[in-house]
Amino acid sequence: MTLKKAFEKFFKIGAAISARNLYTPAHMKLLTEQFNSFTCENDMKPMYMIDPVKNRAEGAKYNTSPALCFDTARPYLEFAKKAGIAMRGHTLVWHNQTPEWFFHEEYNPALPFASRELILERLENYIKGVLGFVQEEYPGIIYAWDVVNEAIDEHDMRNSVWLKRVGRDFVLKAFEFARKYAAPGVSLFYNDYETAEEWKRDLIISEILKPLMERGLVDGMGMQSHLLMDHPDPGAYDRALRMYGALGLEVQITELDMHNNDPSDASMKALGERYAEFFRILLNAKKEGAANITSVTFWNLLDENSWLTGFRRETSYPLLFHGKCEAKQAYYDVLETALDAGSCLSSESDAEDPKGHESDLKSGSCVSGGKVSRWELEATEEDYITTMPEAPKKEGDNTMQEVYDFLKACGVYYLATVEGDQPRVRPFGTVDIFEDGLYIQTGKVKEVSKQLQANPKAEICAFMDGKWLRVSGKLVRDDRLEAKKHMLDAYPQLQAMYKAEDDNTEVLRFEGATATFSSFGGAPRTFTF
């Protein structure tokens, strides 16, 4: 008996996965054996879908319709297609993990904020592009989208950049665009955390869901459900669930986990009991017709991969599996709630475990002595090896031009030099290509210039939208007027302080440079120029 089999009469059972999970065969065996839905934990959020390099480098070209990039999303969609497993889309609009430059003229943070009308035009084209890509290349894979995430905070609309630059109706507009371009049958959700809190529950219903329902723009409510061992109160959770259900919308539990920092047997037993309590709430509401729960998604597969350890700054043990995909007591406790609720197998022919082994499950009964049969994943040691692929090479990759484009898009990078035995770091902003060389600019009177003349070894580092770049090498002074003039022509704002002919202006060229692009979602790429 597996989770997806036990709950199939009630709702989909899913899990969020990261790129590390995706490229660890044992983790994906766990996913496909136990679950029938999954969510991309990070790689389909706005910062990964809106192309930083093209938009920042050619802002005028893409000013009304942002260039999009689907490199991080495609591997998940390909897996879903091949495995025949459904996906939830997460998330189109969020105040977090949306680049701030998206809201500026020509995507340039040095320019003023764009107008409300321009931002809305970008938003529509962004949603149109994302949904179009998914629905044209992977039709039928994504069955639900979190259209807007976490728009409520502190007893009102969150004071986010969306609110400041568009206004309170940005939620309505996002759903309007999503409804316009979503394929028939794809459900549109509002998603939020702490949705059992009375004030937040009531505000979500009055300010988000009901206005959307009046316009036929929303299909469901997403209750994230990041639970604690003592919060929320189960009664409050049950009331909120039923109030959302009473609206006639779908309800999905979208990011379920339960923070617990104690791995002892007694604590893990308590974790299982509390999980079972909440699953009984879900099952009872579903069976009674009080809430049309259509999906429950755990926020990752294994304790070791949970975001909570970083977020809570202590090791968390919040999920149903751990280690080498081993089932915890909580897994069996959750499974038993489904069996007790009447989803037991109905025939002798179904009473085999997924491996085809003889089972103690009998007709009309799913338990033996009140205990669910032990489950183990069949996997080799090699299946637990994570093999991250190299990022697909695109035209211009592994070149000086790619480094230049990334640094220009970042706007600010950090230059490290050495003074004696002491490292020195400061922000920089200039970069230029001249006669097949990568240049930066400073003034000879500055300490950074003196340090580089004493020791030309240097390293620069830049970060943008989940990707970072390191370039190391020697920075060598080029005193030619042509090199200085080329740099200042690229940065006319510097011409009030620097002149190509003065004794202070200095341009430095990288020699023997090594560049490394890295990200959380792929193997590092290193090349020289």
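**Note on salt bridges in the predicted model**

1. In this predicted model, Lys200 and Asp192 form a salt bridge in which the closest N and O atoms are 3.1 Å apart. Both partners are enclosed: Lys200 is buried, and Asp192 is buried as well.

2. A second pair joins the side chains of Glu435 and Arg480, with an N to O distance of 2.9 Å. Glu435 sits in the loop between β16 (432-434) and β17 (437-443), whereas Arg480 sits in the loop between β19 (467-478) and α17 (481-490), so this contact ties together parts that are 45 residues apart in sequence. Glu435 has a relative accessibility of 49% and therefore counts as partly exposed, being under the 50% above which a residue would be exposed. Arg480, at 33% relative accessibility, also counts as partly exposed.

3. Some salt bridges share partners, and Asp156, Arg168 and Glu207 are joined in this way into one network.

4. Arg74 pairs with Glu137 in a further salt bridge, where the closest N and O atoms are 2.7 Å apart. This pair links distant parts of the chain, with Arg74 in helix α6 (residues 74-83) and Glu137 in helix α7 (residues 116-137), 63 residues apart. Arg74 is classed as partly exposed because its relative accessibility is 29%. Glu137 is likewise partly exposed, with a relative accessible area of 36%.

5. As to the overall count, a search of the whole structure finds 28 salt bridges. Those described above include the buried pair Lys200 and Asp192 and the helix-to-helix pair Arg74 and Glu137.

Definitions and conventions:
Residues are numbered from 1 along each chain as its sequence is written. This is a predicted model: local features need pLDDT of at least 70, side-chain atom pairs count only at pLDDT 80 or more; totals for chains, interfaces and linings use all residues. Side-chain values use heavy atoms; hydrogens and water are left out. A salt bridge is a side-chain nitrogen of Lys or Arg within 4 Å of a carboxyl oxygen of Asp or Glu. Helices (H or I, at least four residues) and strands (E, at least two) are DSSP runs, numbered from the N terminus. Buried means under 20% relative accessible area, exposed over 50%, partly exposed in between (1.4 Å probe, protein chains only).
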